[in-house]
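Me: I would like a close look at one part of this protein, followed by its surroundings. Please keep to the model and give the cut-offs as you go.

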Amino acid sequence: MTETVERTGASDAADGGRAAVLEVTGLGVDIRTDRTWTGIVDDVDLVVRSGETVGLVGESGSGKTVTSLAVMGLLPPNARVRGTVRLNGRDLTALSERELDRVRGVEMGMIFQEPRRSLNPAFTVGDQVAESVRRHRGAGRREAWERAVDLFDLVGIPDPRRRAGAYPHEFSGGMCQRVMLAMAVACEPSLLIADEPTTALDVTVQKQVLGLIREIQQRLGIGVLLITHDLGVVAEVCDRTAVMYAGRIVEQTEVVELFDHPRHPYTAGLLAAMPDPRRHADRLGVIPGIVPPPHAFPAGCRFHPRCDHRREPTCTTADIPLRDVSVGLPHRVRCARADEITLEDTST
């Protein structure tokens, strides 16, 4: 693509001197099944700074949600985590479950997919938000309730005092997402993880929810890790982006750089498949095949079975590291042929 992506409120600076809130280094996740450990996520490096939004993007099955659950310490008992996850300089992987429980909801919050499923239908939405305040802030029942009402006002729920007494089934999907956002920021965390926050919402409500997340981020100065499969969302709200495929980061750079100069064939394929009124192609691009399951990850570049640019044995045997290919803006890519192929034209 030759045109620069315009983003609302996103900074073009590499870090602007902002402190790192989240630092993920060499993160790996293995799941034990039938007496065998299977790698789901491998060699993931991520940094989220205060006041910025980092997008984690890729097809379903790429490992995005597993990565976020590893950061939150919410993986099932049959999972093990490799590498380090630092929140405000503290290694979360070294904490006990009790210590992690004091961090979740206080220093980091999370919005899950399909918010209605994350809310208890037997309790009012106000009680569920107030519970978080009572548990983590030690507030009394009345004080916690008033805090919940204030939070509902913050996230744009009309008539917040009355609606706090409603049950989840009385709320639309968009309103349930606002409740989840209120719960996630109740204790003013330094990190917010939003896992597909616009799934199953119509376009108008999607825009409202994304704008609300951005507004709260600016007000509280929190870092946001936004997990999505939608490059349109990335273009609108993210500062930097990490593209994930088959459990690994394959490309990492600023959003403008990613859209203007993709360096990995998978990224270029995603961009070509993205509806864009500026293009005049008869058909959208298509990436053949599917993301392989973890037990069938191929050797070499995990994308090579679907890649038109693969070359044997360069792409099909040896492991390929994530390396620096910066020309101006910081840019890292996991492609053995990144210096040989030009990909901008594949998305036009």
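How many of the residues of helix H11 (residues 265–272) are buried?

Reply: This is a predicted model, in which local features need pLDDT of at least 70 and side-chain atom pairs count only at pLDDT 80 or more, while totals for chains, interfaces and linings use all residues. Residues are numbered from 1 along each chain as its sequence is written, and side-chain values use heavy atoms, with hydrogens and water left out.

Eight of the eight residues of helix H11 are buried, so the helix is largely enclosed by the rest of the structure. Buried here means under 20% relative accessible area, exposed means over 50%, and partly exposed is in between, with a 1.4 Å probe and protein chains only. Helices (H or I, at least four residues) and strands (E, at least two) are DSSP runs, numbered from the N terminus. The buried residues of H11 are Pro265, Tyr266, Thr267, Ala268, Gly269, Leu270, Leu271 and Ala272. They pack against helix H9 (231–237), strand E9 (240–245), strand E10 (248–254) and helix H10 (255–260); contact means heavy atoms within 4.5 Å.

Two of those packing partners, E9 and E10, are joined by a loop that holds Ala246. Ala246 has a positive phi of about 50 degrees although it is not a glycine, and it is buried at 0% relative accessible area. Cys238 is also buried, again with a value of 0%.

Pro265 of H11 also takes part in the lining of a cavity. On a 1 Å grid over the protein atoms alone, a cavity is a set of points where a 1.4 Å probe fits but cannot get out; a pocket is an open set with protein on both sides within 12 Å along at least five of seven lines, and lining residues have an atom within 4 Å of a point. Grid points are joined across faces, edges and corners, and a volume is the space filled by probe spheres set on the points. The whole structure has three cavities of 30 Å³ or more. The largest cavity holds about 90 Å³. Of its 15 lining residues, Pro265, Cys301, Cys307, Cys315 and Cys335 lie nearest the centre. By class, this lining has nine nonpolar, three polar and three charged residues, where Ala, Val, Leu, Ile, Met, Phe, Trp, Tyr, Cys and Pro count as nonpolar, Asp, Glu, Lys and Arg as charged, and the others, Gly among them, as polar.

The cysteines at this cavity raise the matter of disulfides. A disulfide is a pair of cysteine sulfur atoms within 2.5 Å. By this rule the count is zero. For Cys315, the closest cysteine sulfur is that of Cys335 at 6.2 Å, which is too far for a bond. Cys315 is buried, with a relative accessible area of 6%. The peptide bond from Glu312 to Pro313 is cis, with omega near -5 degrees, and Pro313 sits in the loop between H11 and strand E11 (323–324).

The second largest cavity has a volume of about 70 Å³. Among its lining residues are Tyr245, Arg248, Cys301 and Arg334. Its lining divides into five nonpolar, one polar and four charged residues.

As for the wider setting, the domain assignment gives domain 1 (3–107 + 187–333) and domain 2 (108–186), with bounds taken from an automatic or database domain assignment. The contact takes 35 residues from domain 1 and 21 from domain 2. The C-alpha centres of the two domains lie 27 Å apart.

The largest pocket has a volume of about 520 Å³. Of the 19 residues that line this pocket, the closest to its centre are Arg104, Gly105, Ser132, His136 and Met183. Strand E6 (108–111), helix H4 (125–137) and helix H7 (173–184) are the elements that give two or more residues to the lining. H4 supplies the largest share, five residues. Each of the two domains contributes at least three residues to the pocket lining. Eight residues of that lining are nonpolar, seven polar and four charged.

In contrast to the enclosed helix H11, Pro77 counts as exposed at 87% relative accessibility. Pro77 is in the loop between helix H1 (64–72) and strand E4 (79–87).
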